[in-house]
Structure formats: structure tokens, C-alpha cells
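Trainee: Got a minute to go through this one with me? I have the sequence and the structure up.
Mentor: Go ahead and put it on the screen.

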Amino acid sequence: MDHMESVRKFEFRECRMPAGFIVDYFSNGETLHGLCIDVSEAGLRAEFDGSVVIGSSGILILRHPKSILKLEAQVAYVKKCQVGLVFIFQTPWERGTTNEFIAMIAKPGTTPRTV
């Protein structure tokens with residue numbers, strides 16, 4: 001193996017915040033229930049009760065005790081039993097709402113808001 005083949009490609013990743021709340025993923029007529037492991041403004045990592053296909057898109061519902069957020073997401077990777085999902089924003093409002101959701105769950109004592 002050539003030395004350059006063993007070098008990993010650099011990829012920028014948003015800061016991830018540890019989590020532990022319920023998520024549901026609806027894709028191709030199937031609903032998967034899971035647990036969010038960590039989350040960022042770009043996506044999340046979760047463990048689900050079923051399998052997903054890399055590249056598939058669907059509706060993701062984040063069910064944090066402080067709030068609920070529903071948005072479109074795409075499966076970016078599957079590694080062992082963990083799934084990486086990237087949020088798909090249709091509008092700047094969706095991106096802003098997601099950023100507010102992430103900020104709210106990161107700060108104790110903030111007012112819950114359902115979106």
C-alpha cells in the first residue's frame with residue numbers, strides 16, 4: 001500500500017453535541033425508531049431499530065423533552081449500528097429553526113418550543 005493511500009481525506013465536521021433523545025425516521029413507507037447519540041447544526045448520529053440505505057432520504061423527527069423538530073434528512077453513512085443523517089434544508093427558515101432547536105437543547109433552563 002502506498003503511503004498516500006493510507007492518508008485519510010480531510011472533511012470539515014460541525015461541532016457535535018452529545019445527546020440522548022428519541023428520533024423517528026420515515027423513509028420508503030417504513031418507520032424506524034431510534035436514539036440520537038449526538039447532534040450538530042448539520043445533522044446527527046443515531047442508532048435505529050432497523051436498517052437504512054446510504055443515500056436514502058426521508059422525514060426525521062427529533063423528540064427531545066424540551067421540543068420536537070421535524071425536517072427532511074438523508075442517510076450519509078452507516079457504521080456498525082450507527083447511522084449518520086444530514087439535514088436537508090428547503091428554506092433558510094428551516095435552517096434557522098434547526099439552529100434554534102440545537103441551541104435550545106444545549107442550554108439548560110431555556111423555554112421549550114415545538115416546531
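Mentor: Before anything else, keep in mind that this is a predicted model. As for contacts, taking those with a separation of 6 or more, 48% are between residues 24 or more positions apart.

Trainee: OK. How many helices and strands are in the protein?
Mentor: The protein has 1 helix and 7 strands. Along the sequence the pattern is β-β-β-β-β-β-β-α, with the helix at the end.

Trainee: And what share of the residues is buried?
Mentor: Of the 115 residues, 35% are buried. The accessible surface is about 7400 Å², and carbon and sulfur atoms hold 56% of that surface.

Trainee: Let's do the helix. What does H1 span?
Mentor: H1 covers residues 92–106, which is 15 residues. From first C-alpha to last, H1 reaches 21 Å, close to the 21 Å expected at 1.5 Å a residue.

Trainee: Which residues of H1 are buried?
Mentor: Thr 97, Thr 98, Phe 101, Ile 102, Met 104 and Ile 105. Looking down the axis of H1, these buried residues fall within an arc of 165 degrees, so they line one face of the helix.

Trainee: What covers the buried residues of H1?
Mentor: The cover includes strands E1 (17–18), E3 (30–39), E5 (57–64), E6 (67–79) and E7 (82–88).

Trainee: E4 isn't on that list. How many of the residues of E4 are buried?
Mentor: The list I gave says what the cover includes. As for E4, residues 43–48, the strand is mostly covered, with 5 of its 6 residues buried.

Trainee: How do E3 and E4 run, and how many bridges join them?
Mentor: They run antiparallel and are joined by 5 bridges. One pair is Gly 34 with Phe 48, the latter in E4. The connection between E3 and E4 is a hairpin of 3 residues.

Trainee: In what sense do E4 and E7 pair?
Mentor: Antiparallel, over 4 bridges. There, Gly 43 has Val 86 of E7 as its bridge partner.

Trainee: Changing topic: which strand holds His 64?
Mentor: His 64 is in E5.

Trainee: Buried or exposed?
Mentor: Buried: its relative accessibility is 15%, and the cut-off for buried is under 20%.

Trainee: What does His 64 touch?
Mentor: Leaving out residues up to four places away in sequence, His 64 touches Phe 21, Phe 101 and Ile 105. Phe 101 and Ile 105 are among the buried residues of H1.

Trainee: How far is a polar atom of the His 64 side chain from the backbone nitrogen of Lys 66?
Mentor: The two lie 3.0 Å apart.

Conventions. Residues are numbered from 1 along each chain as its sequence is written. This is a predicted model: local features need pLDDT of at least 70, side-chain atom pairs count only at pLDDT 80 or more; totals for chains, interfaces and linings use all residues. Side-chain values use heavy atoms; hydrogens and water are left out. Helices (H or I, at least four residues) and strands (E, at least two) are DSSP runs, numbered from the N terminus. Buried means under 20% relative accessible area, exposed over 50%, partly exposed in between (1.4 Å probe, protein chains only). Contact means heavy atoms within 4.5 Å. Accessible areas come from the Shrake-Rupley method with a 1.4 Å probe; for residues, only the protein chains shown count as cover. The expected span of a helix is 1.5 Å times one less than its number of residues. The arc is that of the directions from the helix axis to the C-beta atoms. Two strands pair if DSSP finds at least two bridges between them. A polar contact is a pair of N or O atoms within 3.5 Å; within protein, one must be able to donate a hydrogen and the other to accept it, and residues adjacent in sequence count only if both atoms are side-chain atoms.
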